[in-house]
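This report introduces a structure to a reader who has not met it before. The sequence and the coordinates come first, and the description follows.

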There are 2 protein chains.
Amino acid sequence: MNTKAETMRNKIVSTADDLFYRQGFNHTSFSDIASAVGISRGNFYYHFKTKDDILAAVIENRKVGITQTLNEWNKNTPTPKERLHQYVDMIVGYQDNIVKYGCPLGTVCSELNKLENINYNDAIDMIALFRDWMIEQFILLGHSAEKSKDFAMHLLTCTQGITVVAQAFTDSAFIKREADILKDWLDSI
Amino acid sequence: MNTKAETMRNKIVSTADDLFYRQGFNHTSFSDIASAVGISRGNFYYHFKTKDDILAAVIENRKVGITQTLNEWNKNTPTPKERLHQYVDMIVGYQDNIVKYGCPLGTVCSELNKLENINYNDAIDMIALFRDWMIEQFILLGHSAEKSKDFAMHLLTCTQGITVVAQAFTDSAFIKREADILKDWLDSI
DNA sequence: GTCTATACGCAGATAGAC
DNA sequence: GTCTATCTGCGTATAGAC
């Protein structure tokens, strides 16, 4: 296990992650990633053999990040209700990127679906991590398993919708407004 | 104005529209469209000079279709409330396509945004047609201009979110469930 | 490990015969 | 109008020198 190679690999993954988000997967070439990292295309292939390989690594990296974030919320934020608010506030915090590039999860899933990409199911897992975590929170609030699932899907729906509409109309103030509606809804159930 | 050429042009546009929706704009090549229509690539260029030209024609065609649909609703459905329900029911009616390819408007806008495509603003106009129509309906229901805009944006947000989540989890029953919630909301305001 | 050189196919786009 | 032939650039991917 070479530390230097691992560092370079991580650098490539995080750069590819960023470019896939901002430019889309299909529209981002090996050259784009290689030049952004500052290595040659040939060197790039030493680390990743195919474009699907680098995509798989990016998705895996995101899943680790999402899991870490959720674990931190579970650990540091006392109540389930506050944690759900924290989730909603997250999209408010990312508003600048959202109006420019949309939701990092939703847009990549939507794109991969149309490409019939082999990594599509892994991409969906990223969203499922959030959904399952939400279900847990609603169950902790005393709701039934069925209700909790419906609530989680509804919350997911609203946040995804907010990102799509905010991006379309380049309206970041709108994110804040809809987030408040969503937090009122969370308090009402 | 040649009728035969016009017919072929329309055939190309509707085929391209379908392929852009199912495969995405970037991922659909001239060859894809030409072979689906049943003409050679060379012939294709007689009708459209660049890929942005065919995209512009597709978007224009959609805008005409959307405008026609909204006009028909205005004409044939008596009350604004029923018309808004009709909009929500539309996504239920399209559920089979939505779980497979997402929203025809949302997915193309999201993709064009990342490609920094020159037709992006025209694509957004498609969504704006729905938004402006919704605002009219809410105003007819007696709401203020400001409230009506917020309501329209909220309705748009929910329907867009539903398509993203339904596509991600390939869950068409979910569309019906969230549509009912949405119609309850429409009745409550 | 990192590089240059290069193969190969496909995409967008053009020219010109019929 | 529709076709075939062709150009050009880019994207993925490989080989092999250093």
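## An enclosed helix and its surroundings

Helix H7(B) has 12 residues and reaches 17 Å from its first C-alpha to its last, close to the 16 Å expected at 1.5 Å a residue. The model described here is predicted. Of the 12 residues of H7(B), 10 are buried, so this helix is largely enclosed by the rest of the structure. The buried residues are Leu105(B), Gly106(B), Thr107(B), Val108(B), Cys109(B), Ser110(B), Glu111(B), Leu112(B), Asn113(B) and Lys114(B). Just after H7(B), Glu116(B) adopts a positive phi of about 50°.

One buried residue of this helix, Cys109(B), touches Ala168(A), Ala123(B), Ile124(B) and Ile127(B), leaving aside residues up to four places away in sequence. The largest nonpolar core holds 93 residues, and those touching the most other members are Cys109(A), Ala152(A), Cys109(B), Met134(B) and Ala152(B). In soluble globular proteins, nonpolar side chains tend to be buried together.

A second helix of chain B, H4(B), may be set beside H7(B) in a table.

| Helix | Number of residues | First to last C-alpha | Expected span |
|---|---|---|---|
| H7(B) | 12 residues | 17 Å | 16 Å |
| H4(B) | 26 residues | 37 Å | 38 Å |

H4(B) comprises residues 51–76. Within H4(B), Ile54(B), Leu55(B), Val58(B), Ile59(B) and Arg62(B) are buried. An α-helix has 3.6 residues a turn, so residues three or four places apart point the same way. The buried residues of H4(B) pack against H1 and H8 of chain B.

The loop between H1 and helix H2 (30–37) of chain B contains Gly24(B). Is Gly24(B) buried or exposed? Gly24(B) has 23 other C-beta atoms within 10 Å and is therefore buried. Its C-alpha atom is separated by 8.1 Å from that of Thr107(B), although the two residues are 83 residues apart along the chain. Not counting residues up to four places away in sequence, Gly24(B) touches Glu111(B) in its own chain and Glu111(A), Lys114(A) and Leu115(A) in chain A.

## Chain A as a whole

Chain A has 10 helices and 0 strands, and its elements from the N terminus on run α-α-α-α-α-α-α-α-α-α. The C-alpha trace of chain A spans about 55 × 40 × 30 Å along its principal axes. Of the 189 residues in chain A, 37% count as buried. Among the contacts in chain A with a separation of 6 or more, 62% are accounted for by residues 24 or more positions apart.

## How the two chains meet

A turn of 180° and a shift of 0.0 Å along the axis lay chain B on chain A with an RMSD of 0.0 Å. The two copies are thus related as by a two-fold rotation axis. Among the residues of chain B, Gly161(B) comes closest to this axis, with its C-alpha at 1.8 Å.

The contact takes 31 residues from chain B and 31 residues from chain A. On the side of chain B that touches chain A, at least two residues each come from helix H1 (3–23), helix H7 (104–115), helix H8 (120–140), helix H9 (145–168) and helix H10 (172–188) of chain B. H9(B) gives the most to this side, with 12 residues. The residues on this side of chain B divide into 13 nonpolar, 14 polar and 4 charged. Because 100% of the interface residues of chain B are also interface residues in chain A, the copies meet through the same surface.

Technical notes
Residues are numbered from 1 along each chain as its sequence is written. Chains are lettered from A and ligands numbered from 1 in the order in which they are written. This is a predicted model: local features need pLDDT of at least 70, side-chain atom pairs count only at pLDDT 80 or more; totals for chains, interfaces and linings use all residues. Copies are superposed by least squares on the C-alpha atoms of residues with pLDDT of at least 70 in both. Two residues are in contact if their C-beta atoms, placed from the backbone, lie within 7 Å. Helices (H or I, at least four residues) and strands (E, at least two) are DSSP runs, numbered from the N terminus. Ala, Val, Leu, Ile, Met, Phe, Trp, Tyr, Cys and Pro count as nonpolar, Asp, Glu, Lys and Arg as charged, and the others, Gly among them, as polar. A residue is buried if 20 or more other C-beta atoms lie within 10 Å of its own, exposed if 12 or fewer, and partly exposed in between; C-beta atoms are placed from the backbone. The expected span of a helix is 1.5 Å times one less than its number of residues. A nonpolar core is a set of buried Ala, Val, Leu, Ile, Met, Phe, Trp, Tyr and Cys residues joined through C-beta atoms within 7 Å.
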